[in-house]
Amino acid sequence: MEQINECIAALREAAPDIDIIQQEPMSRHTTFAIGGPADLFVQPKTRKELAGTLGVFRARGIPFLLLGNGSNMLVSDAGIRGAVVCTTELDEVRVGNDGMMTAEAGALLGRVARRAQRAGLSGAEFAGGIPGSVGGAVFMNAGAYDGQMAGIVESTEYLDENGELHTLQGEEHGFAYRRSVFRAHPEWTVVRSTIRLRQGDPAAILDKMNDFAQRRRDKQPLNFPSAGSTFKRPEGYFAGRLIEDAGLKGASVGAAQVSEKHAGFLINRGGATCDDMLRLIELVQQRVREQFGVQLECEVRIIR
């Protein structure tokens with residue numbers, strides 16, 4: 001407790017207006033609506049505050065977790081020892097010239113897609129229904145339908161472990177299926193990305209976004225907390241189809257359930273714990289492995 005109080009004092013000195021909450025339940029900040037309390041929950045409002053916050057934690061050996069919209073994360077019922085640094089206040093989005101946009105790490109993908117549509121810029125339609133933020137989307141090369149971040153991200157500014165600002169260009173991102181160079185360097189922190197889009201007709205772009213949104217409503221269990229697709233797509237298969245063919249549609253552990261609408265989604269029917277969800281994940285993996293010889297890999301980050 002003394003170390004935490006000293007850390008709070010140092011944060012206040014570095015950034016007097018920064019938001020700091022103690023013992024904040026992570027269930028309030030993840031789309032699974034699951035997770036115990038974080039010792040400290042901090043929300044920087046500027047890039048300078050972000051750099052200062054990370055510097056304070058590193059100088060004192062306080063472990064920290066970077067959080068955007070919490071859309072691809074399952075947090076332990078015991079919570080998080082140390083700090084959570086939430087970037088949702090760092091959400092500036094700017095439309096530039098020649099099809100360029102910049103977006104800070106905490107900007108929601110839906111907002112980026114809508115700004116692009118209004119500016120008559122095409123290429124980000126796929127992102128309109130992804131409930132994540134730019135930082136997390138770059139980290140995992142998020143994608144849906146006909147697109148992924150690898151197809152639109154041109155450069156990314158990030159802070160290294162010493163608080164120094166660097167910029168990645170193009171192939172330096174190391175994008176692959178649900179991966180980027182940031183997975184190999186968790187000490188790096190995404191600050192802002194520049195994306196390149198192409199000119200298009202705003203009405204046609206909106207029609208495409210509306211079509212994607214309708215497909216999501218028709219096929220996905222949007223009325224329950226989830227982290228989207230729980231498993232990565234195994235080569236040559238669809239995870240949801242394997243799970244359904246294994247007879248697991250609707251299977252439950254506690255209040256965690258394989259969605260009856262789309263078997264690729266594991267949902268929280270109300271009051272599910274992390275333990276419920278982990279046991280359901282293990283059940284699905286075991287059954288699919290036994291029946292089809294396929295090992296399903298989690299797409300969701302598990303924070304224990």
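User: Which residue in β18 does Val-258 stand opposite?

Analyst: This is a predicted model, so everything here is read from computed coordinates. Strands β17 (residues 256-258) and β18 (residues 265-268) run antiparallel and are joined by three bridges. Opposite Val-258 in β18 stands Leu-266.

User: What is the strand order in the open sheet of four strands?

Analyst: The pairing in this sheet is antiparallel. β15 (226-229) and β16 (252-253) each have a single partner strand, so they stand at the edges, with one side of each left without a neighbour in the sheet. Put together, the order is β15-β18-β17-β16.

User: Which strands does helix α8 touch, and what angle does its direction make with that of β17?

Analyst: Helix α8 covers residues 274-292 and packs on the sheet. The strands it touches are β16, β17 and β18. Its direction and that of β17 make an angle of about 30°.

User: Now the sheet of five strands: which are its edge strands?

Analyst: This is another open sheet with antiparallel pairing, and its order is β6-β7-β13-β11-β12. An edge strand here pairs on one side only. That puts β6 (93-95) and β12 (165-169) at the edges. From one strand to the next, the twist averages 15°.

User: What is the bridge partner of Ser-155 in β13?

Analyst: Start with the strands: β11 (residues 153-159) and β13 (residues 189-196) run antiparallel, and six bridges join them. In β13, the partner of Ser-155 is Thr-194.

User: Which strands does helix α3 touch?

Analyst: Helix α3 takes in residues 109-118 and packs on the sheet. Its direction makes about 20° with that of β6. The strands it touches are β6, β7 and β13.

User: At what angle does α2 run to β13?

Analyst: Helix α2 (residues 47-60) also meets strands of this sheet, lying across β7 (100-104), β11 and β13. Relative to β13, the helix runs at about 145°.

User: How far apart are the end C-alpha atoms of α2, and what span should its 14 residues have?

Analyst: At 1.5 Å a residue, the 14 residues of α2 should span 20 Å. The model agrees with that, because the end C-alpha atoms are apart by 20 Å.

User: Within what arc do the buried residues of α2 fall?

Analyst: The buried ones are Glu-49, Leu-50, Thr-53, Leu-54, Val-56 and Phe-57. Looking down the helix axis, they line one face, because they fall within an arc of 155°.

User: Which residues are exposed on the other side of α2?

Analyst: After the helix comes Gly-61, whose phi is positive, near 70°. Back on α2 itself, the exposed residues on the other side are Lys-48 and Ala-59.

User: Is Leu-40 buried or exposed?

Analyst: Leu-40 is found in strand β2 (residues 37-43). Among the residues it touches are Ile-4, Cys-7, Ile-20, Phe-57 and Val-84. Ala-83 is 43 residues away along the chain, yet its C-alpha atom and that of Leu-40 are separated by 4.5 Å. With a relative accessible area of 0%, Leu-40 is buried.

User: And Ser-71, buried or exposed?

Analyst: Ser-71 has its place in the loop between β3 (64-67) and β4 (73-75). Leaving aside neighbours within four places in sequence, Ser-71 is in contact with Thr-31, Pro-131, Gly-132 and Ala-227. The cut-off for buried is under 20% relative accessible area. Ser-71 has 16%, so the verdict is buried.

Notes: Residues are numbered from 1 along each chain as its sequence is written. This is a predicted model: local features need pLDDT of at least 70, side-chain atom pairs count only at pLDDT 80 or more; totals for chains, interfaces and linings use all residues. Side-chain values use heavy atoms; hydrogens and water are left out. Helices (H or I, at least four residues) and strands (E, at least two) are DSSP runs, numbered from the N terminus. Buried means under 20% relative accessible area, exposed over 50%, partly exposed in between (1.4 Å probe, protein chains only). Contact means heavy atoms within 4.5 Å. Two strands pair if DSSP finds at least two bridges between them. Axes are lines fitted to C-alpha atoms, for helices over the stretch in contact, and angles run from 0 to 180 degrees between N-to-C directions. The expected span of a helix is 1.5 Å times one less than its number of residues. The arc is that of the directions from the helix axis to the C-beta atoms.
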